[in-house]
Each structure stands twice: as structure tokens, then as C-alpha cells.
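Dear colleague,

I am passing a structure on to you, and it appears just below. Please look through it before reading the notes that follow.

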Amino acid sequence: MELFIIRHGHSMGDHEDRHQGHADFSLSAKGETQAEALAAFIYRNYPLQKIYSSPLKRCLETAKQIANPLQIPIHEEAALIERDNGLLAGMLRSEALKKYPYPEKGRSYYEPLFGGESELSVRCRVEHFFARVCRDQSTERIGIVTHASVISLLFHCFLNLPNDCNVYLSTSDAAVHFWNIHKDYRQIIFNNYQQHLSE
């Protein structure tokens, strides 16, 4: 099974330098252009058979750009939604830094974020989704459109890493990760690919 893990394009939340979380921002003009280039790259090189997407606008709008030329439906998946960051959702980063400075000793992976979710609780829902996808023997090439923090946790699932491993996978706007799941092994083809945005 081939997995294409895709981050949404640049959003209005990114443009305004806001914490996003569950705040439902649309793509910016830059993000729409990125999504178009991403869709063309996928269509030419890796036509997907199935697409899962976070239900938030910035992901759905990216997923629609990919799905339309392929004429396939989008499966909205609540497990792929961004981490709930509680009081920070929608807040300007500069304002949040003053009101809620990052703790000197950091945060534990099981600590909820300002009334939202802990990293551990997000890992649980992501792990459940990933296990279901891995059992889908009917589809050879799957696209998953989601958020940077969720992608990092999908990477943990893919590599069977423990919850508190301090491994983070960087993902840029409209970037693609290509992973293979074979019967006997798992293979990373590429990570954080963005060449399509400069073509």
C-alpha cells in the first residue's frame, strides 16, 4: 500500500500568524495556488484511489483540488483534525506568547493544552485511524490530507515509535510524504517533498 501524507496549503491563519488548532481558517490566495500545484503533481505522477481529509476548511479545500481531476470522493475523517489547542485557537501568536508563555520546563505529552487535547490523546485517535487504513486491502494508493502535528504522529505510527519519543517530522505547506507499507516491511520513499511548488 502506498500512502501519500499531505499537509494543507498556506491558510489565512498562517497569513495572520495565528494559532490554528480547531479554528477553521480557509486557504489563503497563496495556499490556493499551492493546492493547485500539488493537485497537478499528484494527478501527473501518483493518481490516488482514495482520499481521507481532516474536516477543517484548510484541509478540505486542499483535498478538493486533488480529488476533482481524479474524480474521486473525499472521505472526511474526524481523527485527522488538528490538535485542539483550547484557549489558543484563533489567537494571534504574539498575543498568546504574552498571555500564555511556554513553560520553562516544557509540557508533558499527556498534559492537555489550555483546555484542549494532550499530545497523547491525539496520538490515540491518530493510531486508531492508522490501524484502520493499514487494514484496507482494497486500495493500493491512498492520500491523507491533514495538519503538521497530525502528520508527525502518523509518522510515529508508521515507525511504531513510542508515545513519548521526542521525534518530530517537519512538514511545510502543501508538502507530501510518500511511505510504502509492504507485507514484510515499511519503506520511506521521501519526506516533506515540495518540488511541485517551484515547477
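**Helix H5 and an aromatic cluster**

In helix H5, the buried residues are Glu-119, Val-122, Arg-123, Arg-125, Val-126, Phe-129, Phe-130, Val-133 and Cys-134. Please keep in mind that this is a predicted model. The helix itself covers residues 119–134, and its 16 residues reach 22 Å from the first C-alpha to the last, which is close to the 22 Å expected at 1.5 Å a residue. As for what lies against it, the buried residues of H5 pack against strand S1 (2–7), strand S2 (50–53), strand S4 (141–146) and helix H6 (148–158), and also against strand S5 (176–181) and strand S6 (186–193).

The second finding concerns the aromatic rings, for which the count comes to 13 pairs. In one of them, Phe-41 and Tyr-46 have ring centres 5.8 Å apart and planes at 65°, and because an angle over 60 degrees counts as edge-to-face, the pair is of that kind. Phe-41 also forms an aromatic pair with Tyr-193, and here the rings are stacked, with 5.2 Å from centre to centre and 20° between the planes. This pair links distant parts of the chain, since Phe-41 belongs to helix H2 (residues 29–45) and Tyr-193 to strand S6, 152 residues apart.

With a relative accessible area of 5%, Phe-41 is buried, whereas Tyr-193, at 24%, is partly exposed. Both residues belong to one aromatic cluster, which is formed by Phe-4, Phe-41, Tyr-46, Phe-178, Phe-190 and Tyr-193.

With kind regards

Definitions and conventions:
Residues numbered from 1 in each chain as written. Predicted model: local features only at pLDDT ≥ 70, side-chain atom pairs only at ≥ 80, totals over all residues. Heavy atoms only, no water. Helix = DSSP H or I, 4+ residues; strand = E, 2+ residues; numbered from the N terminus. Expected span 1.5 Å × (residues − 1). Buried < 20%, exposed > 50% of the residue type's maximum accessible area, 1.4 Å probe, protein only. Contact = heavy atoms within 4.5 Å. Phe/Tyr/Trp six-rings, centres within 6.5 Å; stacked < 30°, edge-to-face > 60°.
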